[in-house]
Amino acid sequence: MTRPVKGVAARAPRRGPRRGAPYAFLAPAIVLFLLFFALPIGYAIHLSLRTVEVQGLGLGSGARQEVWAGLANYTDAIGDPELLDGALRVAVYGLIVVPVMLGLALVFALLLDAERVRGRRAGRLLIFLPYAIPGVIAALLWGFLYLPSVSPLHRALDALGLPEPDLLGGNALYLALANIAVWGGTGFNMIVIHTSLRAIPAELYEAARLDGASPLQIALRVKIPLVTPSLVLTFFFSIIATLQVFSEPTTLRPLTNSVPTTWSPLMKVYQDAFGTGDIHSAAATAVVIAVVTLALSFGFLRAAGARARQGEAR
């Protein structure tokens with residue numbers, strides 16, 4: 001019979017704390033997730049299934065009671081014309097913002113990755129700097145530039161005898177809002193794409209040059225195909241940010257009468273919750289927006305994954 005090695009039995013009980021160590025490290029993140037993400041979502045769903053029932057004139061104690069509403073709030077939210085109009089406005093806004101922002105980000109990333117470009121660090125900083133400015137401050141800065149009474153651009157056009165465009169009214173409002181988003185978001189997307197470009201092996205560029213490829217051909221046939229995953233990622237983030245647009249139209253609303261209180265779906269949620277005080281309807285609308293955003297994001301990722309698998313199969 002073999003004798004047990006000394007120390008083995010003594011070391012065996014120490015495996016228990018080691019097995020629990022990962023959970024101890026994960027515990028703070030799990031607690032924060034439950035408190036600030038899962039719990040608010042659950043409470044919003046709870047509110048969306050309730051409503052306030054008013055008896056008589058609604059005066060006195062017990063005249064207003066919270067009762068079960070079922071899916072009535074969701075039915076009203078889906079059929080609300082203001083929500084549908086806001087979704088249409090956001091769709092038009094996104095058709096302007098996403099292509100222009102990602103196109104500029106890709107162009108800037110390719111320019112900064114070129115060999116003969118000087119001042120790359122300063123260029124990256126200047127392009128990224130607008131992203132570091134909070135959205136509300138950026139909207140205020142651009143709002144003063146759009147406002148004819150205080151805008152130096154309008155004064156310069158007036159001095160030159162040129163027509164002054166109304167950027168805070170009509171269809172030009174979409175361009176004004178899109179300009180703020182493009183100005184603030186291009187730098188972040190550029191950094192993501194440029195980081196992917198820096199990770200491409202230099203041997204690929206050298207092989208392309210030996211085959212006689214020009215810098216433009218290298219950019220179109222080597223660089224852009226290899227950074228496609230980064231383009232998909234930035235497109236995904238841009239779609240989510242577009243669906244959640246709130247600060248830009250809300251900040252510009254006091255400067256013009258062309259921005260209603262329900263210009264975007266999130267503004268509709270805010271107006272229902274804090275304007276009219278119908279927090280139950282606002283919760284249902286918020287849940288609908290979250291489900292639509294999740295469905296669009298999941299569908300886009302599935303489509304991008306299927307296309308990537310088809311490319312690998314080829």
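**Surface, overall form and nonpolar cores**

The protein chain exposes about 20200 Å² (Shrake-Rupley method, 1.4 Å probe), and carbon and sulfur atoms supply 67% of this area. The model is predicted: local features need pLDDT of at least 70 and side-chain atom pairs pLDDT 80 or more, whereas totals for chains, interfaces and linings use all residues. Residues are numbered from 1 along each chain as its sequence is written, and side-chain values use heavy atoms, without hydrogens or water.

The secondary structure comprises 14 helices and two strands, taken as DSSP runs (helices H or I, at least four residues; strands E, at least two) and numbered from the N terminus. The radius of gyration, taken over C-alpha atoms, is 27 Å, well over the 20 Å given for 314 residues by the globule rule (2.2 Å times the number of residues to the power 0.38); the chain is therefore more spread out than a compact globule. Along its principal axes the C-alpha trace spans about 90 × 80 × 40 Å. Of the 314 residues, 31% count as buried (under 20% relative accessible area, 1.4 Å probe, protein chains only).

The largest nonpolar core (buried Ala, Val, Leu, Ile, Met, Phe, Trp, Tyr and Cys residues joined through side-chain atoms within 4.5 Å) has 22 residues. Those with the most contacts inside this core are Tyr-93, Val-97, Tyr-146, Leu-177, Ile-180 and Trp-263. Helices H4 (81-113), H6 (135-146) and H8 (172-198) each give two or more residues to this core, and H8 provides the largest share, eight residues. A second, separate core of 17 residues includes Leu-112, Ile-193, Ile-218 and Val-227.

Technical notes: Buried < 20%, exposed > 50% of the residue type's maximum accessible area, 1.4 Å probe, protein only.
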